[in-house]
Protein chains: 2
Amino acid sequence: MGLELYYSPEPPDGGTLIIRGSEAGHIARVMRHKVGNVIGVVDGVGTEYEVELTEVRADRVAGRVLSTRSGAREPKHRVTIAQAVLKGDRLAQVCEQATELGVSRVIPIQTARTVGRLSAVRLERLRTVSLAALKSSTRTVLPKIDAVTGLGELLTAVNEFGQALVAYEEERGPGLGEVLDRKAGSVLLVVGPEGGFEPSEIDALKAAGAVSFSLGPRRLRAETAAVAVAAMTLGLLGDLG
Amino acid sequence: MGLELYYSPEPPDGGTLIIRGSEAGHIARVMRHKVGNVIGVVDGVGTEYEVELTEVRADRVAGRVLSTRSGAREPKHRVTIAQAVLKGDRLAQVCEQATELGVSRVIPIQTARTVGRLSAVRLERLRTVSLAALKSSTRTVLPKIDAVTGLGELLTAVNEFGQALVAYEEERGPGLGEVLDRKAGSVLLVVGPEGGFEPSEIDALKAAGAVSFSLGPRRLRAETAAVAVAAMTLGLLGDLG
């Protein structure tokens with residue numbers, strides 16, 4: 001199945017890389033790696049190491065760095081999804097698929113019609129799911145998963161992005177391909193909750209500089225909209241093949 | 001939440017439409033509709049009726065057809081996904097999201113590295129999930145979910161489509177946007193199992209006329225690849241906004 005990747009945020013020291021915690025346990029107990037085996041390790045901020053194991057214990061794995069690469073397999077564009085909090089495990093599904101596709105950041109937002117709540121435990125789960133997806137997708141940069149953010153707070157951050165787009169189900173105008181600025185560099189994609197945005201929320205997003213677009217006449221569940229919008233955007237930007 | 005839709009395959013007779021089975025139970029018991037209420041009914045083959053209820057029982061609902069529309073909210077292009085059978089409920093997720101997005105047909109395929117099996121019960125579940133997605137997404141045409149099909153059988157059917165494309169993880173060449181023929185009318189999208197296609201399977205697909213494309217350097221889970229490919233294709237064809 002090709003490249004097998006592990007995660008360790010600790011930088012190497014004198015050519016030696018240390019992996020601790022559950023990741024060490026996975027290498028030692030589940031994958032049963034031995035001294036001398038070569039594994040791939042990513043630090044979650046863009047660096048990937050090829051490591052020859054020199055010590056394998058369930059709580060601590062050490063190895064000698066054979067090679068170092070930067071930014072491998074990462075998209076060229078920064079795509080951020082601001083997704084309204086969803087019930088159950090649906091936001092985790094969004095974080096998982098967004099990570100695989102190459103999204104740089106997910107901002108869980110609280111909107112007028114948001115039903116679910118994002119507890120600290122659920123937020124931690126989003127980050128765990130995203131880390132697992134980082135490894136399975138062989139990414140090197142871990143997406144940032146923000147703490148839950150009010151729509152008002154998001155509005156003040158809209159101009160930090162090259163372009164801000166909002167998927168609006170009442171929009172009958174342009175589609176994503178027509179409004180996406182291929183040269184924006186960074187894109188914020190805003191996706192509402194199951195019940196949609198209130199018209200006043202769309203007005204506020206537009207006033208802050210966001211552009212609304214249509215996903216067509218069919219009604220998409222929020223998590224389907226999020227993954228569709230992420231895939232279409234990364235695809236149009238040339239970052240998905 | 002806008003349009004509320006029910007499903008009945010039975011054509012109206014003399015201006016009266018009958019709804020039976022669990023759908024009647026849902027209208028009567030769950031939604032507690034009364035005589036005189038107006039509901040939307042789709043027949044799954046493109047016709048949508050506006051119906052004023054004249055009789056509401058848990059096993060049989062009848063109504064007078066007020067208006068009839070054809071092909072509402074359906075995409076202009078026929079997109080088919082041939083998806084290798086996946087473990088657990090993942091193929092159901094593909095059928096659900098594909099239905100929402102506007103896919104016309106899903107062909108579960110058996111490939112060399114397919115792990116899961118598609119029993120009659122699981123196939124029936126795919127169709128149930130797709131029907132529920134039809135209603136929630138307000139589609140009028142129910143996607144066809146084929147019985148499980150061998151890759152060899154699929155090969156003989158490739159030329160029935162305007163274009164056949166296969167997502168291949170070892171492909172480092174063109175992306176979907178570069179190979180998709182916007183004028184093909186109907187597109188077959190082939191997506192492999194978790195373990196990917198064997199090179200000989202890709203060769204056979206190409207020999208049958210399919211074109212392979214890349215989804216980029218990251219490794220996508222099969223169900224993420226399927227929904228990404230469906231969204232990108234329908235988006236590029238102008239059928240997703």
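This report walks through a sheet in chain A, the helix across it, and the contact between chains A and B.

The model is predicted, with local features needing pLDDT of at least 70 and side-chain atom pairs counting only at pLDDT 80 or more, while totals for chains, interfaces and linings use all residues. Residues are numbered from 1 along each chain as its sequence is written, and chains are lettered from A and ligands numbered from 1 in the order in which they are written.

Let's begin with the sheet. In chain A, five strands (DSSP runs of E, at least two residues, numbered from the N terminus) make an open, mixed sheet in the order β1-β3-β4-β5-β2. Strands pair if DSSP finds at least two bridges between them. At the edges, β1 and β2 of chain A each pair on one side only. The twist from one strand to the next averages 45°, with axes as lines fitted to C-alpha atoms and angles running from 0 to 180 degrees between N-to-C directions.

| Strand (chain A) | Residues |
|---|---|
| β1 | 5-7 |
| β2 | 16-20 |
| β3 | 38-42 |
| β4 | 47-56 |
| β5 | 60-70 |

β2(A) and β5(A) run antiparallel, joined by five bridges; A:R20 has A:R60 in β5(A) as its bridge partner. Helix α1 of chain A (residues 21-30) lies across β1, β2, β3, β4 and β5 of chain A, at about 100° to β2(A). Helices are DSSP runs of H or I, at least four residues, and their axes are fitted over the stretch in contact.

Now to the partner chain. Chains A and B each bring 32 residues to the contact, which counts residues whose C-beta atoms, placed from the backbone, lie within 7 Å. On the side of chain A, α2 (90-101), α5 (176-179) and α7 (222-236) each supply at least two residues, and α7(A) gives the most, with six.

Technical notes
Contact = placed C-beta atoms within 7 Å.
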